[in-house]
Amino acid sequence: DFLCISLVNGFTQLRYNLGDKTVILQTLQKVHANGNTWHSLNAGRVGNEGYLDLDGINVTQKASPGMNALDTHTDFFVGGVSSLNLVNPMAIENEPTGFTGCIREIVINNRELKLTVNDPKGGANIGDCDGTDCGYTVCKNNGTCQVENSGFSCSCPREWTGTTCEQSIHCLQNICGSHALCIPQPSSFSYTCVCALGWTGKYCDNKIKFYIAKFVGNSYIKYTDPFYEKRDLQYSHLSLNFTTNQTEGLIAWMGKSENEDNDFLAIGLANGTLKVVINLGERISVPLMHSKYFTFSVGRWHFITVVQNQTCIKVYLDEELILFEDIDPQRKYTALNYGGICYFGGFEIGRKVNTVTTGLFQKEFIGKIKDVVLFQDSKKIQLMKAEGYNVYDGNSGN
């Protein structure tokens, strides 16, 4: 399998092979080869349907029956390769040659690669394309960079300050505690303090302990499973108690959630019913919906257990089996490779649930969670010892 972007006779080409045939897309227009025109290129595939967009002009390849996963286990190369033997003959039209020119802002699956000296795994014969201290995006938040004798300086938009416009003016004089993040609120010319796990109060200076975690809609807990390496991932098990009065919300997500290829098991609410979604590979997300609509009420605790036995999924709600399905009788993928990461209530600040879950769940969880047990462990996990923000003590009050 491969995916390759190249220049051919002045045109940009995308070629990929998922194991059955090579798909070729070529832009309608040539690039400007004058050395001083920047081009914006978007290329990729959804399943086996490809797309290639150069400066806003789009070319697509309609999906046809066949393979739909890209199985590659090599490094990712930009501008050239360490050995031409690594290039599949079908990946390019002519003999492979290295790229001459400038490349900036590479984003793969919504993650930007840092094109610096230290971040890549390796490389050779690379120079600084900008040639000045300003470089690319030195000034954050739409700041403008000027080259100075001593280096560079940034002219910042009204709302931002700092050497590289990295600091909000609203957080400049903040009195959030050391266990807090300052989140600017430009509309009210103010800020709010977002408290780390185990801290509360307006300025996050009150230490708390809890056994019941209370989520308020912009909260999350990220737990790292210390026993992940010893788990039998073909037989996963997750149980917890929750209470809520909402009809939408992500309760739990077992999986790294770094990109769309990550395996996951998710529990949440959708349209007032319980929804469980599992992905054991190839981005084949199988949603299981509880057939009954029922109103969740504050103070009413529900006990949910999800058991994965290879491709067979059982879901128990209040100790009643409500869902039982074999999501893949072919047994192509049987293990939940969740990376030892579990999220509760939502994801990191700035990562919206509907975006990260690609619409499987619409909102962050509002309610309480307790008694979380992974696999057949004899002890409940200690949510207090995880990472997270804006989580309150669910023992006190409602």
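The exercises below work through the domain contact and the salt bridges of a predicted model.

**Exercise 1. Describe the contact between domain 2 and domain 3.**

Step 1. Locate the parts. The protein is divided into domain 1 (2-112), domain 2 (174-208) and domain 3 (213-393). Over C-alpha atoms, the centres of domain 2 and domain 3 are 28 Å apart. Nine residues from domain 2 and 12 residues from domain 3 make up the contact.

Step 2. Give the interface a size. The accessible area lost when parts come together is often used for this purpose. Here domain 2 and domain 3 bury about 870 Å² between them, and carbon and sulfur atoms contribute 69% of that area.

Step 3. Find the main contributors in domain 2. Val194, Leu197 and Ile208 lose the most area to domain 3; together they give 58% of what the domain 2 side buries.

Step 4. Check the polar and charged terms. Zero salt bridges are found across the interface of domain 2 and domain 3, while two residue pairs are in polar contact.

Step 5. Assign elements and classes. Strands β13 (180-185) and β14 (190-195) each supply at least two residues of the domain 2 side that touches domain 3. That side has seven nonpolar, two polar and no charged residues.

**Exercise 2. Which residues are linked with Glu348 in a network of salt bridges?**

Step 1. Begin with the total, which is 10 salt bridges.

Step 2. List the partners. Glu348 pairs with Lys222, with the closest N and O atoms 3.5 Å apart, and with Arg351, where the closest N and O atoms are 2.8 Å apart. The network therefore links Lys222, Glu348 and Arg351.

Step 3. Place the first pair. Glu348 is in the loop between β26 (341-344) and α1 (353-356), and Lys222 is in strand β17 (residues 213-224), so this salt bridge ties together parts 126 residues apart in sequence.

Step 4. Classify by accessibility. Buried means under 20%, so Glu348 at 17% is buried. Arg351, at 27%, is partly exposed.

**Exercise 3. Is Arg231, which forms a salt bridge with Asp377, buried or exposed?**

Step 1. Identify the pair. The closest N and O atoms of Arg231 and Asp377 are 2.8 Å apart.

Step 2. Place both ends. Arg231 lies in the loop between β17 and β18 (235-243), and Asp377 in the loop between β27 (366-374) and β28 (387-393), so the pair joins parts 146 residues apart in sequence.

Step 3. Apply the cut-off. Arg231 has a relative accessible area of 15% and is therefore buried. Asp377, at 24% relative accessibility, is partly exposed.

Conventions. Residues numbered from 1 in each chain as written. Predicted model: local features only at pLDDT ≥ 70, side-chain atom pairs only at ≥ 80, totals over all residues. Heavy atoms only, no water. Domains from an automatic or database assignment. Contact = heavy atoms within 4.5 Å. Buried area = accessible area lost by both parts, 1.4 Å probe. Salt bridge = Lys/Arg side-chain N within 4 Å of Asp/Glu carboxyl O. Polar contact = N/O pair within 3.5 Å; in protein donor to acceptor, adjacent residues only side chain to side chain. Helix = DSSP H or I, 4+ residues; strand = E, 2+ residues; numbered from the N terminus. Nonpolar A, V, L, I, M, F, W, Y, C, P; charged D, E, K, R; others polar. Buried < 20%, exposed > 50% of the residue type's maximum accessible area, 1.4 Å probe, protein only.
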